[in-house]
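Here is a short set of questions on ring contacts and one sheet. Each answer ends on what was asked.

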Amino acid sequence: MNIFRSWLIKVIGKVWQDPNAAEVVKIESGQLYLVRPGNVRSSRECIYNEAIATIRRVPSLEHNFQLVVTRVYDDGDQELLEDEDETDEEKVFLISEELEFRPGPGETPQEASFVWRDLDGDVDELYEFLMREETNEPTRAFFETCMYRAMYERKHRTSADNVRDSELEQFFWRPPAPKGAKGKAASNKAHVPDNAPAVMDDPSVAQQSTISTPKKAKAKTVPQSADLPKLAEEQAYFFVWDLDADGFVSVHDELLDAKIVERTSGDYNHWLVATCDEGDLIMHKIASDMNPRWSPKTHSLTWNYNVEGTYGSWALQFTAKEAYDNFKVAFARASWEMLHCTPWTKIKADEQAYVVSSATEDVEMRDAEDEEEDEEEVLSELDPDEEPSEDGEEEDEAGSILPTLSGERNSRLTIGYKGDRSYVVRGNNIGVFSHSGDNQVKYFATISKITTTKGKEFKPREVMLHDQDSKMILMNPADPHSLYNMDIERGKVVEEWKVHDDITVDHMAPDNKFAQTTREQTLIGASHNALFRIDPRISGSKMVDSQYKQYVSKNKFSGVATTATGKLAVASQKGDIRLFDCIGKNAKTALPPLGDPIVGIDVTANGRWIVATTKNYLLLIDTLIGEGRYTGSLGFDRSFPADAKPMPRRLTLRAEHVAYMNHDINFSPARFNQGEGQEENAIVTSTGKYVIAWDFKKVKKGQLDKYEIKKYEDNVVQDNFKFGDDKEIIVALENNVLAINKKNLKRPTRTSLAPITSLQSGSSIVNSPY
């Protein structure tokens with residue numbers, strides 16, 4: 001089909017030259033499919049049974065266009081949507097070469113389609129818009145040509161009014177050449193300038209290829225950062241996430257200088273600076289809440305920064321691996337020095353390598369067991385129970401509210417293994433909730449006015465189920481030297497366990513991961529610098545003297561977790577993690593601190609994996625020793641060789657998702673799903689109004705951003721999987737308790753993360769040097 005006919009050019013010219021026309025062209029009737037080549041369940045999934053495809057201009061961003069597919073509802077269907085909090089009414093795609101847009105074959109000779117890549121899906125997943133028979137050939141040709149014109153304007157940042165047909169041919173999609181093919185295949189590629197950056201195959205950073213145009217020479221401005229001491233300086237391309245364009249857009253046409261500088265020498269006050277001939281474009285103070293993400297595939301760094309109450313997202317793409325590596329090491333050093341207020345050179349080389357390695361992404365972890373996991377994924381796809389229910393949106397909102405207490409909010413959640421019960425602390429009351437099945441939680445009873453054995457009311461700081469869920473151990477913030485034993489059936493504190501006159505119980509954990517399912521009476525306690533066993537059966541102080549170890553240094557322990565065999569992982573406010581095979585001895589492994597305080601820690605039943613929670617990221621650690629004399633052992637049993645410490649992995653939210661959420665990250669303690677004989681395959685946490693679950697299997701393969709999200713109207717206090725279940729998540733909001741099936745969490749998008757009215761364009765926060 002020859003789409004470049006003279007009459008068509010005239011029509012396009014009239015529409016294209018009208019800047020007030022928000023919509024360039026529209027196809028009124030079609031169906032949208034998601035195509036998954038090789039998928040076991042179905043190769044083509046109908047997303048919208050009736051839809052409209054439109055090419056729109058991006059408001060306030062010249063030379064950028066969007067492909068928008070909008071769902072069309074029947075009258076009855078529209079009424080059903082009125083009670084839903086959010087709907088998936090349209091899908092928006094920023095038009096660029098990366099979409100690999102092209103005509104498709106259609107299902108019949110009378111039908112035709114357009115096909116493009118799903119940039120948020122797997123590499124071979126496609127969208128297909130199947131047009132109805134009433135869409136004639138001129139309309140299809142008009143739409144296709146407008147797509148190529150939109151790509152031309154985005155790439156060259158100039159009007160396509162006078163573009164020649166031959167200039168649009170560079171955007172025609174051509175199938176990749178077979179492996180080993182040479183010669184002609186190379187000549188078919190569109191010309192790329194020699195100085196263009198590597199293709200950004202990571203969807204978090206869209207490539208911005210540019211063609212230089214002659215410009216008048218400008219007087220070079222001396223930047224404010226010119227005289228500041230530098231830790232690093234490399235050339236890079238600079239991007240900002242634009243909320244209107246729904247993608248990263250180039251801030252500067254040419255390479256600029258990316259620097260890390262120290263504002264005042266010796267105070268560990270470092271800044272990330274982007275400088276061009278006109279001066280400093282940005283100067284962002286390096287801090288824990290920047291949410292940095294490094295991608296070795298694209299040699300890029302993305303991060304967040306709060307400018308006047310708005311979270312923006314920026315990106316640097318370096319021109320070479322060496323520049324990328326140098327900048328990453330300097331950034332790790334600056335972050336570490338900021339947190340510790342100590343020179344980087346004071347720590348050992350192996351500790352420096354450990355800190356730097358935590359920033360590396362896209363690395364498959366040892367023993368990912370691809371084949372076995374792929375088989376499980378296939379079985380999961382064939383399992384009808386895995387499918388989200390059609391009324392899942394209503395189910396997961398059908399929570400249960402604890403009777404209102406003036407001024408109080410839910411503060412703690414603990415989940416029982418027995419009787420399908422969850423317990424939520426609210427002031428000095430504990431709400432009891434039953435799991436009624438089908439992702440429903442119902443209010444069952446309230447344990448009111450918790451008091452000590454002497455009748456003094458208190459609000460529990462921490463709670464833990466014990467002794468086959470017949471008891472709940474409570475921590476009283478007014479009496480840190482004791483624990484309180486509450487009889488669940490009676491709903492009353494029946495014992496005070498005085499642990500020690502001089503040592504406080506700041507944290508507690510079960511004797512082993514599944515101790516609550518047994519009659520085990522002892523438990524683990526920790527103060528700021530001591531670990532000990534507590535046995536309520538002994539008279540007097542309940543601490544077991546033979547299983548007590550106090551450490552000389554100020555460790556500031558912040559959490560304890562145990563494996564199925566009772567080995568311990570202990571975290572601290574300084575950010576370090578210690579692994580013990582038993583209480584009373586020194587740690588077998590001490591992992592150095594990255595610097596951010598750890599607020600929670602969990603471990604898989606077999607002790608292989610640890611997830612530690614900080615305010616801004618989760619830290620995942622493989623405890624398997626891979627080198628040296630003790631290869632194959634775990635760090636709980638043997639020490640890692642000094643030069644072969646594990647490579648920690650940071651689980652963070654993508655910078656653009658934080659920009660959509662527009663609030664700071666504050667993760668609640670992350671948890672693996674757990675159950676005797678059940679393999680851990682998910683990690684769940686929350687921040688603000690969002691529940692977040694990572695696919696642990698994909699994380700182990702190096703896909704660290706494989707997470708899904710659900711937003712609520714209220715802040716999430718705590719969430720955890722139902723015991724023995726890897727699908728149902730119990731969620732405690734400030735004023736509600738509910739359950740949600742993990743399948744009903746959504747891939748994060750602009751629609752699912754924030755209402756449109758809350759979004760602000762990134763263009764207003766680019767030129768903010770200080």
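Q: What does the count of aromatic pairs come to?
A: This is a predicted model, where local features need pLDDT of at least 70, side-chain atom pairs count only at pLDDT 80 or more, and totals for chains, interfaces and linings use all residues. Residues are numbered from 1 along each chain as its sequence is written, and side-chain values use heavy atoms, leaving out hydrogens and water. Rings of Phe, Tyr and Trp (its six-membered ring) pair if their centres lie within 6.5 Å; planes under 30 degrees apart are stacked, over 60 edge-to-face, the rest tilted. By this rule, the count of aromatic pairs is 27.

Q: Which class does the pair of F514 and F723 fall into?
A: The ring centres of F514 and F723 are 6.3 Å apart. Their planes stand at 90°, so the pair is edge-to-face.

Q: How many residues apart in sequence are the parts that F514 and F723 tie together?
A: F514 lies in the loop between β24 and β25 (strands are DSSP E runs of at least two residues, numbered from the N terminus). F723 lies in the loop between β40 and β41, so the parts tied together are apart in sequence by 209 residues.

Q: Are F514 and F723 buried or exposed?
A: Buried means under 20% relative accessible area, exposed over 50%, partly exposed in between (1.4 Å probe, protein chains only). By that cut-off, F514 and F723 are both buried.

Q: Which strands stand at the edges of the open sheet β24-β25-β26-β27?
A: The pairing in this sheet is antiparallel (two strands pair if DSSP finds at least two bridges between them). Each edge strand has a single partner, so one side is left without a neighbour in the sheet; the edge strands are β24 and β27.

Definitions and conventions: Helix = DSSP H or I, 4+ residues; strand = E, 2+ residues; numbered from the N terminus.
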